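Visitor: I should like a close look at a single part of this model. Please take one sheet and follow it into its surroundings.

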Amino acid sequence: MIVIDQGDYIQAKLSAAVSGGIKSVTLNEGGTGYTEGTVTLTVVQSGGASGTLSATASASGVITAINSISAYGTGYAVETGLSTTAAGGSGCTVNIDTIYQPAYTCSYIDTDDVPGQTSGFLNGTTAVTILFSPATGQRMLDLGIIFNSDKASVTPIIELVSGGTTIEIHSRETLIANQHLEFGRQGSVTSISDNSITLAKLATQAAETVLVNATSSTAVPTALALSEQTVLGRITGGHIVGLSVSQLITLITSASLGNITTGNIVPVADNTHYIGKNDDDTPFAYKGVILKDTTNGKYYRIEIINGTITATDLTD
C-alpha cells in the first residue's frame, strides 16, 4: 500500500531517453520547388535521425499537406519549425507535436473516500508527477499503470518525494513496446507480452543438455543430458531419451523400409567390411542378391544352396 501525505507526491521518469520516434507532426511552411504529387520529406533535427514523412506538393511546387509518418525515426524531440530535406524543392518546415513516450494513469482514493485519477505521458529522463499531493488528509494510490507506447524498450523509475527526500518505491523493470507495469495497493505486476521472453531469461543448464518432458503426462520440462554417440528420440514403450546405437538399430529395423533405391554403395574402408552381420555366433544375412550378366543382359538370382553358389536365370 502506498499512501502520501500533504506535500508528498509520486513521480516517474525513465532511466534513459526514449527512442524519440515521431508520433505526430504538422506542417509549418510549405517551401517551394517540389515536384507535384507525393513527396518524401526527411525531418532534420539535432540528435534526430531517419524520421520521414509522406507529403503532398501542389502544381506550384508547394507542400500543402503532411499525409502520414513513413518512418518514426529515433532521437527526436518536440520542436517547431524544423527543416526537411527532399529530392528537389526546399524550405518546407514542420512541427513535431509529440514523440512516442510511455503513458501513465493513477487511480487513487482520498481520506474522505473520494476516488480520483490522473493520466498523461512521461517525459524521458525528466521526472513527471504522476500522483499529486492531497489538499487535505491523505491519498492512497490504488492502482498505477505505466504503458510503454514507445517503439523501443524503456525502464521506468517510480519515486516517492516526501519532505524533500526522493525514494525509489518500485524495482526497475524493463518494458518492451506495448508492455505495461502495474503498481499500488494491489501489488506489482508486469505484463508479459507474446514472444517477449528471451532465451537469456531462462535458467542456465549444464553443457550438452536439452529441455524435455520425458513423462507420460503434462509436466514441467527437465534437463536431459545427451552423451556422445546418442541421438534424441523415443522408442516403443519408452520416453524421450538419448538413444544409443543399438537402440537406433532397433528403431530402424522395427519399421518396414520397403525398397531402397540408391546408386553405388561404397565401403568406408577397402577390404574391411561385410554385407550382413559377420559373427560366427549370431550371424545375420541376406538370402541372396540379384545380378545382371554384362554379356547377355540376363538377370540372375545368386544364392547359396547346400553350400553351393547357385545362379538362377530370372528370364521368363
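Guide: Two strands count as paired if DSSP finds at least two bridges between them. The model is a predicted one, and the part chosen here is an open sheet of four strands in the order 11-2-13-14, with antiparallel pairing. Strand 11 (128–131) and strand 14 (165–168) each have a single partner strand and stand at the edges, so one side of each is left without a neighbour in the sheet. On average, neighbouring strands of this sheet are turned by 40° against each other, direction ignored.

Strand 2 (residues 9–14) is joined to strand 11 by three bridges, and the two run antiparallel. Within strand 2, Ile10 stands opposite Leu131 of strand 11. Ile10 also belongs to the largest nonpolar core, which holds 37 residues; Ile10, Val43, Ile130 and Ile146 touch the most other members. The element that gives the most to this core is strand 8 (residues 90–99), with four residues. Leaving aside residues up to four places away in sequence, Ile130 touches Ile10, Gln11, Ala12, Tyr104, Cys106, Thr118, Leu122 and Phe183.

Beyond strand 14, the loop between that strand and strand 15 (180–184) contains Asn178. Most residues other than glycine have a negative phi. Asn178, although not a glycine, has a positive phi of about 70°. Its relative accessibility is 54%, and exposed means over 50%, so Asn178 counts as exposed.

Key
Residues numbered from 1 in each chain as written. Predicted model: local features only at pLDDT ≥ 70, side-chain atom pairs only at ≥ 80, totals over all residues. Heavy atoms only, no water. Axes fitted to C-alpha atoms, helices over the stretch in contact; angles between N-to-C directions. Core = buried A, V, L, I, M, F, W, Y, C linked by side-chain atoms within 4.5 Å. Buried < 20%, exposed > 50% of the residue type's maximum accessible area, 1.4 Å probe, protein only. Contact = heavy atoms within 4.5 Å.
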